[in-house]
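Got the model open in your viewer? Let's walk through it one selection at a time.

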Amino acid sequence: MARVAVLGTGIMGGPMARNLLRAGHDVTVWNRTTERAEPLGAEGATVAATPVDAVREAEIVLTMLADARAVDAAVVESGSLDAIPRDALWIQSSTIGVAATDRLADSAGERGITFVDAPVLGSKKPAEDGQLFVLASGPEDAHSRCEPIFEAISRGHVWLGEAGLGTRLKLVVNGWILCTIENLAETFVLAQTLGVDPRRFLEAISGGAMDMPYAHVKGEGMLNRDFSASFPLVHARKDAALILEAAADLELPVMRATLEQFNRAFELGHGDEDMSAVYYASAAGAGARS
Ligand code: NAP
């Protein structure tokens with residue numbers, strides 16, 4: 001069992017820390033807004049006042065923060081990177097894109113800290129159930145040290161090779177998910193505009209080759225206008241931008257349109273709701289024409 005410092009106890013980091021505790025690890029947590037970390041204190045974690053205090057004696061540092069800016073603030077600008085013991089492992093699970101991952105891997109390497117790029121698949125519920133899937137990459141000799149951590153938080157992992165490959169696969173998967181959600185929202189709004197109940201669409205694809213569980217999970221939320229956040233729209237919008245940035249000159253017209261729709265829903269005030277609130281972008285478009 002390891003001494004693990006978890007930086008970031010939001011929708012994902014909170015349950016990940018809880019599952020590490022349940023697995024018997026010695027867990028210290030830090031969160032910018034301390035109240036969000038305090039429930040973990042009652043469950044056996046040490047709640048640190050600063051990120052430096054959290055990492056000082058860690059064998060493993062796990063970051064699960066909003067974006068690259070948050071990771072920079074918590075790890076680099078706070079001085080934590082200098083406080084992490086030299087033989088420790090930094091497992092970076094926030095989705096921060098290719099450029100920031102490569103930069104942070106270099107910064108860690110310069111200080112003799114082993115950097116493992118380990119974004120995750122799965123949302124709030126899989127995080128709570130310890131059923132995430134980890135897309136890990138880093139030096140091969142770090143793999144066995146990561147395994148007890150991954151076992152506590154996930155249903156499995158892949159080890160892809162050098163650090164950065166995990167983030168690249170994460171962007172590929174999220175590109176598919178984000179375009180799918182936008183497509184689902186547009187499909188529902190098309191159905192409504194044509195006078196078809198979107199439930200009929202879900203029934204029509206159910207059980208056939210066109211079906212996917214995700215359409216039902218996210219579709220129910222759209223039908224019930226229940227947009228309580230599993231994956232906040234603001235992060236989906238960030239990921240769409242990271243995908244386009246990583247794709248550089250590659251034309252991705254569907255992804256580009258998807259980002260525009262996420263931007264539109266964000267500007268309509270739905271940033272803190274689930275990403276399926278991108279529905280409002282399509283609904284606003286339909287409203288504008290009617
Ligand atoms: P979240 O609930 O919004 O939590 C974000 C965390 O980042 C909080 O701890 C927040 O602290 C912290 N933070 C934000 N800005 C900060 C700053 N400037 N300095 C320090 N800390 C800062 O997000 P989440 O859903 O857990 O997602 C965390 C990461 O995992 C994101 O990169 C996301 O894209 C990725 N991810 C999410 C999901 C999902 O389904 N939710 C799935 C896979 C991957 P406060 O509490 O003080 O705001």
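Start with Cys179: this residue is buried, with a relative accessible area of 17%. Bear in mind that you are looking at a predicted model. Now pick Cys146, which is also buried, at a relative accessible area of 0%. How many disulfides does a search of the whole structure find? Zero.

**The six-stranded sheet**

Next, select strands S1 to S6. They make an open sheet in the order S3-S2-S1-S4-S5-S6, and the pairing is parallel. Which strands stand at the edges? Those are S3 (46–47) and S6 (114–117); each has a single partner strand, so one side of each has no neighbour in the sheet.

Zoom in on S4, residues 60–63. Are its two faces covered or open? Both are covered: Ile60 and Leu62 are buried on one side, and Val61 and Thr63 are buried on the other. That fits a general pattern, because side chains in a regular strand alternate between the two faces of the sheet.

Now look at what flanks S4. With S1 (residues 3–7) it pairs in the parallel sense, over four bridges. To find one of the pairings by eye, select Ala5 and look across to Val61 in S4, its bridge partner. Then turn to S5 (residues 89–92), which runs parallel to S4 and is joined to it by four bridges. Here Thr63 stands opposite Gln92 of S5.

Keep Gln92 selected and carry on to S6, where Asp117 stands opposite it. S5 and S6 run parallel too, with four bridges joining them.

With the sheet still showing, add helix H8, residues 143–153. H8 lies across S1, S4, S5 and S6, and it runs at about 45° to S5.

**Arg3, in strand S1**

Go back to S1 and click on Arg3, which lies in that strand. Arg3 is partly exposed, with a relative accessible area of 38%. What does Arg3 contact, leaving aside its neighbours within four places in sequence? The list is Asp26, Glu57, Ala58, Glu59 and Ile60. You met Ile60 a moment ago, as one of the buried residues of S4. For a distance to try in the viewer, go from the C-alpha of Arg3 to that of Gly130: they are 127 residues apart along the chain and separated by 19 Å.

**The three-stranded sheet**

Select S7, S8 and S9 next. These three strands form an open sheet in the order S7-S8-S9, with mixed pairing. S7 (120–121) and S9 (154–159) are the edge strands, each pairing on one side only. S7 pairs with S8 (residues 132–136) in the antiparallel sense, over two bridges. To see one of the pairings, show Leu121 with its bridge partner in S8, Phe133.

**Helices H9 and H10**

Move on to H9 (residues 165–193) and H10 (residues 198–205), which pack at an angle of about 120° with their axes 8 Å apart. That angle makes H9 oblique to H10. Which residues make the contact? From H9, show Leu184, Thr187, Phe188, Ala191 and Gln192; from H10, show Pro198, Phe201 and Leu202. Colour them by type and you get six nonpolar, two polar and no charged residues.

Stay on H9 and select Val172, which lies in this helix. Is Val172 buried or exposed? Exposed, with a relative accessible area of 57%. Now find Met255: in sequence it is 83 residues from Val172, and the two are 11 Å apart, C-alpha to C-alpha.

**Helix H4 and some positive phi values**

Jump to H4, residues 68–77. Its buried residues include Val71, Asp72, Ala74 and Val75. Just beyond, Gly79 follows H4 with a positive phi, near 90°.

Positive phi also turns up at residues other than glycine. Select Arg225, whose phi is near 50°. Where does Arg225 lie? In the loop between H11 (213–223) and H12 (233–247). Arg225 is partly exposed, with a relative accessible area of 40%.

The last stop is Ala248, which is not a glycine but has a positive phi of about 50°. You'll find Ala248 in the loop between H12 and H13 (253–270).

Definitions and conventions: Residues numbered from 1 in each chain as written. Predicted model: local features only at pLDDT ≥ 70, side-chain atom pairs only at ≥ 80, totals over all residues. Heavy atoms only, no water. Axes fitted to C-alpha atoms, helices over the stretch in contact; angles between N-to-C directions. Parallel < 35°, antiparallel > 145°, perpendicular 65-115°, else oblique. Contact = heavy atoms within 4.5 Å. Nonpolar A, V, L, I, M, F, W, Y, C, P; charged D, E, K, R; others polar. Buried < 20%, exposed > 50% of the residue type's maximum accessible area, 1.4 Å probe, protein only. Disulfide = S-S within 2.5 Å. Pairing = 2+ DSSP bridges.
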